[in-house]
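Open the model in a viewer and keep the sequence panel beside it. The stops below say what to select and what is found there.

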Amino acid sequence: MGACTHLYTVVTYSIYMDIPETHPRRASLLTRNKLVDGVERGITSKAGLIAHGRGEAFDYLLGERTGPVAERAERAAVKAMLEADNPVISVNGNVAALVPREIVKLGERFKAKLEVNLFHRTDQRIGRIIEWLELHGGKDILGGEPDARIPGLEHARGLCTDEGIFHADVVLVPLEDGDRAQALSSMGKTVITVDLNPLSRTARTADITIVDNIVRAVPNMLELEPLEDVFDNRENLSEVVRYISGRLEGISRKIKDI
Ligand code: ATP
Ligand code: MG
């Protein structure tokens with residue numbers, strides 16, 4: 001354990017080392033460094049870097065903060081996860097690189113199982129992610145030995161575990177692909193996602209869509225109280241799009257006035 005802690009410290013330090021404290025985009029650059037570190041450790045796929053770029057572009061439009069609309073979806077997610085009979089959190093290579101400790105803690109808060117589930121699946125990457133999560137306090141992480149299949153998904157993309165995703169009533173699938181979100185929804189599960197792109201198929205398929213950066217959404221969900229009112233995902237998503245367009249109109253006026 002001592003050696004592991006040491007390794008973790010060294011790696012964490014290297015992530016922070018080369019970015020000046022005063023850099024205006026420090027938070028965003030640190031996040032990128034964590035993903036690059038994830039690729040180097042064989043946790044994150046190269047395609048995951050591109051997916052993050054798309055997410056960042058939307059985060060820019062949102063002002064890189066959690067607004068009240070995202071917070072409302074986060075509170076709805078907290079409620080659904082706390083009330084679930086068999087809640088499962090699906091973890092991919094981006095989530096593992098960006099919020100390993102926080103996602104383990106979220107599993108503890110919700111009494112949810114964690115299952116590693118990859119779009120670009122290799123057994124080696126699954127094994128490394130499980131080890132990485134264990135290094136951050138995770139226990140009994142599922143996904144290493146899939147024994148069930150999500151109907152409608154070809155090949156390795158459909159693999160999952162019987163005691164985890166297959167039998168879950170509520171699944172939190174952050175940064176998920178649209179086809180897989182749709183397939184989980186078709187199984188009758190309540191699907192919760194975190195996706196910065198409010199226009200993606202995943203965002204429009206899920207029952208609760210949190211349009212926020214995973215690096216803010218997961219820590220928020222560790223603290224937030226469950227939402228008591230009724231939550232309407234379409235209304236919430238539509239409000240996110242209105243928020244972005246209102247913000248852009250304001251910026252457009254300002255640019256003209258300069
Ligand atoms: P879809 O398949 O749902 O139509 P897509 O093909 O555009 O969407 P995927 O690569 O399948 O996108 O899924 C990744 C999603 O995760 C993207 O919509 C991206 O915006 C989002 N994303 C990437 N990084 C983050 C992040 N750090 N926080 C939240 N969302 C993110
Ligand atoms: Mg996709």
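Select Ile150, which sits in the loop between β3 and β4; strands here are DSSP runs of E of at least two residues, and helices are runs of H or I of at least four residues, both numbered from the N terminus. This is a predicted model, in which local features need pLDDT of at least 70, side-chain atom pairs count only at pLDDT 80 or more, and totals for chains, interfaces and linings use all residues. Residues are numbered from 1 along each chain as its sequence is written, chains are lettered from A and ligands numbered from 1 in the order in which they are written, and side-chain values use heavy atoms, with hydrogens and water left out.

Is Ile150 buried or exposed? Ile150 counts as buried, because its relative accessibility is 3%; buried means under 20% relative accessible area, exposed over 50%, and partly exposed in between, with a 1.4 Å probe and protein chains only. Now show what surrounds Ile150. Not counting residues up to four places away in sequence, Ile150 touches Gly158, Cys160, Ile165, Ala183, Leu184 and Met187, where contact means heavy atoms within 4.5 Å. For a distance, pick Thr190: Ile150 and Thr190 are 40 residues apart in sequence, and their C-alpha atoms are 15 Å apart in space.

Stay in the loop between β3 and β4 (159-160) and select His155. His155 is not a glycine, yet its phi is positive, about 55 degrees. His155 counts as exposed, because its relative accessibility is 64%.

Two of the residues touched by Ile150, Ala183 and Leu184, lead to the next stop. Select helix α8, residues 178-186. Its buried residues are Gly178, Arg180, Ala181, Ala183 and Leu184. Against which elements do the buried residues of α8 pack? They pack against β5 (170-172), β6 (190-194) and α9 (201-205).

Look next at the two ends of α8. At the N-terminal end, Asp177 acts as a cap: one of its side-chain oxygens lies 3.2 Å from the backbone nitrogen of Asp179. This is a polar contact, that is, a pair of N or O atoms within 3.5 Å; within protein, one must be able to donate a hydrogen and the other to accept it, and residues adjacent in sequence count only if both atoms are side-chain atoms. After α8 comes Gly188, with a positive phi near 90 degrees.

Move on to Val211, in the loop between β7 (208-210) and α10 (214-223). Val211 counts as buried, because its relative accessibility is 6%. Leaving out residues up to four places away in sequence, Val211 touches Leu62, Ala70, Asp195, Leu196, Pro198, Leu237 and Val240. Add Arg54 to the selection: Val211 and Arg54 are 157 residues apart in sequence, and 13 Å apart in space from C-alpha to C-alpha.

Thr31 is the next selection, in helix α2 (residues 26-40). The relative accessible area of Thr31 is 12%, so Thr31 is buried. Where does the side chain of Thr31 reach? The side chain of Thr31 reaches the backbone oxygen of Ala27 at 2.9 Å. Apart from neighbours within four places in sequence, Thr31 is in contact with His52, Leu98 and Val215.

Two more loops remain. Gly144 is in the loop between α7 (123-135) and β3 (148-149). Gly144 counts as partly exposed, because its relative accessibility is 40%. Beyond its neighbours within four places in sequence, Gly144 is in contact with Ile126 and Ile130. Select Val230 as well: Gly144 and Val230 are 86 residues apart along the chain, and their C-alpha atoms are separated by 37 Å.

Then go to Lys111, in the loop between α6 (100-110) and β2 (113-116). Lys111 has a positive phi of about 50 degrees, although it is not a glycine. At 72% relative accessibility, Lys111 counts as exposed.

Finally, zoom out to the whole chain. Its secondary structure comes to eleven helices and seven strands. Of the 258 residues of the chain, 48% count as buried. Along its principal axes, the C-alpha trace spans about 60 × 45 × 35 Å. Among contacts between residues at least 6 apart in sequence, 63% join residues at least 24 apart.
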